[in-house]
Amino acid sequence: MPGKNLSREEARQRARSIDLDRYRVHLDLTSAPDPAATTFRSTTTIEFRSSALGSATFVDLLAPAVRAVRLNGRDLDPAEVFDGARIALDGLAGTNELVVEADCAYSRTGEGMHRFVDPADGETYLYTHFEPADARRVFATFEQPDLKAPFTFTVTAPAAWDVYANAVHEEITEDGAARTWRFAPTKPISTYLTAVVAGPYHVARDHYGRDLPDGTRLEIPLAATCRRSLAPHFDADDIFTVTKQGLDFFHDEFDYPYPFGKYDQCFVPEYNIGAMENPGCVTFREEFVFRSKVTDAAYEGRANVVLHEMAHMWFGDLVTPKWWDDLWLKESFADFMGSISQVEATRWTGAWTTFANRRKAWAYRQDQFPTTHPITADIRDLEDAKLNFDGITYAKGASVLKQLVAYVGRDAFFAGARQYFKRHAYGNTVLTDLLDALEQTSGRDLKTWSAAWLQTSGVNALTPQLTADADGRITEFAVLQDGTTLRPHRIAVGLYDRDAAGDLVRTELVELDVTGARTVVPALAGRPRPALVLVNDADLTYCKIRFDEVSLETLRGGLGLIRDDLARALAWSAVWNLTRDGLMPTRDYLDLVLRFAGRESDIGVLQSLHQQAKGALDLYADPAWRAEGGRLLAEGAVRELRAAAPGSDQQLAWARFTALVADAPEQLQLVRGLLEGTARIDGLDVDQELRWALWLPLAASGDAGAEELEGELQRDNTASGRRQLVQCLAARPTPEAKAAAWAAVVDSDELPNALVEAQIAGFAQAGRRDLTAGYTDRYFAVLESVWEQRTIEIAMRIVGGFFPKFQTEQATLDRADAWLDGHPDAAPALRRLVLECRDDLARALRAQACDRG
Ligand SMILES: [Zn+2]
């Protein structure tokens, strides 16, 4: 479609030629409950100025039909000016008024105006999601972040519904079966940050207030919404508690009153991402409303997202990147702020451990792809932008900010942020605007730092190098750095020895700067050689941690005995990286998990270990040993499940892991027994979500058929239940089940995003590689048509989800290379996804070779 993919250059030109005054948007959503209605009426009025009289520009709109276009009272023929993605405007006056009436489409992909019908009660729910450029699916826009304006939304909806938008509503008028909600104008914001949420949502309300330094009082009404059928599970109080803790923290630190009036947090169905920072109207995936027991890691994760989005109100919403090149400016900042506020203002004081363990794993993975990029990326167009919501932009960026805080100090860092908000409020910025503020408050030159950390890609590995004398005293201690770009690192080196109880405890912590390939640390000379050296202890910098021989032996014998939670998490992360890099045999890694995961007290770390162990078995284990490894893992899972404290988070985590790895008849029998109530684990509540998790291995092994699985839906005829049934059905080990899943996703575009995901997850079970082997050629054959015909959100899932990753053999790698060689001109974003899958596969083959020995 011409013009669908807006380029940076076009956006720059447009920003130079016009200035925006305001938008007024009227949406008529009264058709939504009628499943036959595919569109809604959208009327946009944009007031803007042009500096060049008689010049031309365009507005963006993705709509099935445009009914009228009126520019300064002059009717333009939609057939002439609308090409399906843009409306061409010419003959601009100094001040202009554009009115566009269109029929816009309800979405099933989570992009634009998503419509969802609740199977539990038949109610219809709508919400919008626009980042990076989907507001144009709902109204006519200048779809780029640096054309900010105040928005006034008016929404007509069924009378029984409530409507939420960025601002408070000023008036509701009734007209029979419909009500019209007129919202106050917003502050100047970018198009991608506008939001409308409409439906018979359940709402909980609360309130936040504080006295400001200037003597005035700030009052923020709080609301939290979810679907009505989820209301019994909605723990809004916990969400409000975190919300208030966050508002306290950010007001203390940012010294800029929350600028957007009220603060609604809407939990919405079939949401593609974790959450979105729409000012005053944050949207979250509703899986954060917990229907069944979850571990505290899930509560911690939710709180982290609440705080991340809240940080965006200042960083992203009040001050917004000029273009998607500087997406990281807002995302890494929000990620960093989410964690620091969580550590300092909530009950999750161990959030830095989670950051080290989870967020950084994402960054390290992404940063080793051939497609990795500097944190400050080169984003040519919207397709580039869409793929850049990645581990570099979020997690590496946040890690680097954490390193920056270690470098300039916490006070200077926050002082810089405060200055930045005041200087650029309601404006748009680029990287140098932030660096300027930080240089002023820290008195440091950040050019070198920025060049080393923000404008290069790749991760360094840091390795300790020790020599000792005959008495076991260190004669020289050095830190080796490798990687394509050597960087300055502020690190702490920890030395560990066993205490009387046999635990590994820190005996020494030295902070230092590492520069270049080898940095000698004179301070450590003369000390007794420790059992374990942990470079980057305290996780100040972003690097892969390596070990000397003695330390590695110590870990093999006692990784789980490191007493400090963060240090232990760093050690787990390091051995995982060794395994991924083909430097530690997969069976050795799994052996560590089997011996020490059972005593892991940090529930988030334990759940990461479970995921990684499953991934290591499926992808990194020597195929000749895989069955044996699977048996050991499954037996270990059942052993730990039985040993875990009744009712504990650990017990639930091991139950879920048992379901994930159960394969042999005795484990499947236990799983079935738990479902049928004939087997019991003391303290384990087999609730609805756990039931579905237990059905999955029974489905995948062929132990449970369609009838039984569909029977479970009778117990749980909900959105979540339907998704999980779809996954279970696609997981069955028959050619027909695989063919049906493939057809439902690839040959048809009827399914909503959530069911596309469920089908793919079921299809791609590792267990029966023989059944999916025949799809490799079909996959490469459909790639381009999928990319062209589907929305990018769905296309990304298909390309990533159906890649034949379980066909871990050289032939698959050759097939991927042949496709890449034969399609040099395929869309860059598509090539990037295939390259990354290909690289994962090559990594798996290397790890398998290491495991083979
Ligand atoms: Zn964010």
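These are my notebook entries on what I looked up in this structure, which is a predicted model.

**Entry 1: the N-terminal strands**

I began with strand E7, residues 95-107, and asked which strands pair with it. Strand E2, residues 39-50, pairs with E7 in the antiparallel sense over eleven bridges, and in this pairing I found that Phe 48 has Asn 96 of E7 as its bridge partner. Strand E4, residues 65-71, also pairs with E7 in the antiparallel sense, over six bridges, and here Ala 68 is matched with Glu 101 of E7. With strand E8, residues 112-117, the sense is parallel, and two bridges are found between E7 and E8; the bridge partner of Tyr 106 in E8 is Met 113. I noted beside this that strands of a sheet pair through backbone hydrogen bonds, either parallel or antiparallel.

Following the chain on from E4, I came to Asn 72, which is placed in the loop between E4 and strand E5 (74-76). I marked Asn 72 because its phi is positive, at about 50°, although it is not a glycine.

**Entry 2: a UniProt span and a cis bond**

I then looked up residues 116-193, which UniProt, in an unreviewed entry, annotates as "domain: Aminopeptidase N-like N-terminal". In the model this span is 0% helix and 42% strand, and its end C-alpha atoms are 21 Å apart. I also checked the peptide bond that joins Glu 131 and Pro 132, and found that it is cis, with omega about 0°. Pro 132 belongs to the loop between strand E9 (124-129) and strand E10 (151-158).

**Entry 3: the zinc ion**

My next entry concerns residues 242-453, for which the unreviewed UniProt entry gives "domain: Peptidase M1 membrane alanine aminopeptidase". Over this span the chain is 59% helix and 8% strand, and 32 Å separates the end C-alpha atoms.

Which residues coordinate the zinc ion? I found His 308 and His 312, each through NE2, and Glu 331 through OE, at 2.0 to 2.1 Å. Written along the sequence, the spacing of these donor residues is H-x3-H-x18-E. His 312 sits in helix H4 (residues 296-314) and Glu 331 in helix H5 (residues 327-345), 19 residues apart, and this pair links distant parts of the chain.

**Entry 4: two open sheets**

I traced an open sheet of four strands, whose order is E26-E23-E22-E28 and whose pairing is mixed. Strand E26 (518-520) and strand E28 (544-545) are at the edges with a single partner strand each, so one side of each has no neighbour in the sheet. Strand E22 (residues 461-468) and strand E23 (residues 474-482) run antiparallel and are joined by eight bridges; as one example I wrote down Leu 466, whose bridge partner in E23 is Phe 477.

I found another open sheet, made of three strands in the order E25-E24-E27 with antiparallel pairing. Its edge strands are strand E25 (504-514) and strand E27 (532-537), and each of them pairs on one side only. On average, and with direction ignored, neighbouring strands of this sheet are turned by 25° against each other. Between strand E24 (residues 489-498) and E27 I noted four bridges in an antiparallel run, and among the residues involved, Ala 492 has Asp 537 of E27 as its bridge partner.

What lies across this sheet's strands E24, E25 and E27? It is helix H12 (residues 549-558), and H12 runs at about 100° to E27.

**Entry 5: the C-terminal span and a helix pair**

Residues 532-842 are annotated by UniProt, again in an unreviewed entry, as "domain: ERAP1-like C-terminal". I recorded 70% helix and 3% strand for this span, with its end C-alpha atoms 32 Å apart.

I looked at one helix pair, helix H23 (residues 753-763) and helix H26 (residues 792-801), whose axes come within 10 Å and cross at roughly 5°. An angle under 35 degrees counts as roughly parallel, and therefore H23 is roughly parallel to H26. On the H23 side the contact involves Asn 753, Val 756, Glu 757 and Ile 760, which meet Ile 794, Arg 797, Ile 798 and Gly 801 in H26. Sorted by class, I have four nonpolar, two polar and two charged residues in the contact of H23 with H26.

Notes: Residues numbered from 1 in each chain as written. Predicted model: local features only at pLDDT ≥ 70, side-chain atom pairs only at ≥ 80, totals over all residues. Heavy atoms only, no water. Axes fitted to C-alpha atoms, helices over the stretch in contact; angles between N-to-C directions. Parallel < 35°, antiparallel > 145°, perpendicular 65-115°, else oblique. Contact = heavy atoms within 4.5 Å. Nonpolar A, V, L, I, M, F, W, Y, C, P; charged D, E, K, R; others polar. Pairing = 2+ DSSP bridges. UniProt positions renumbered as here; feature names shortened; annotations may be inferred. Donors = N, O, S within 2.8 Å, 3.2 Å for Na, K, Ca; no water.
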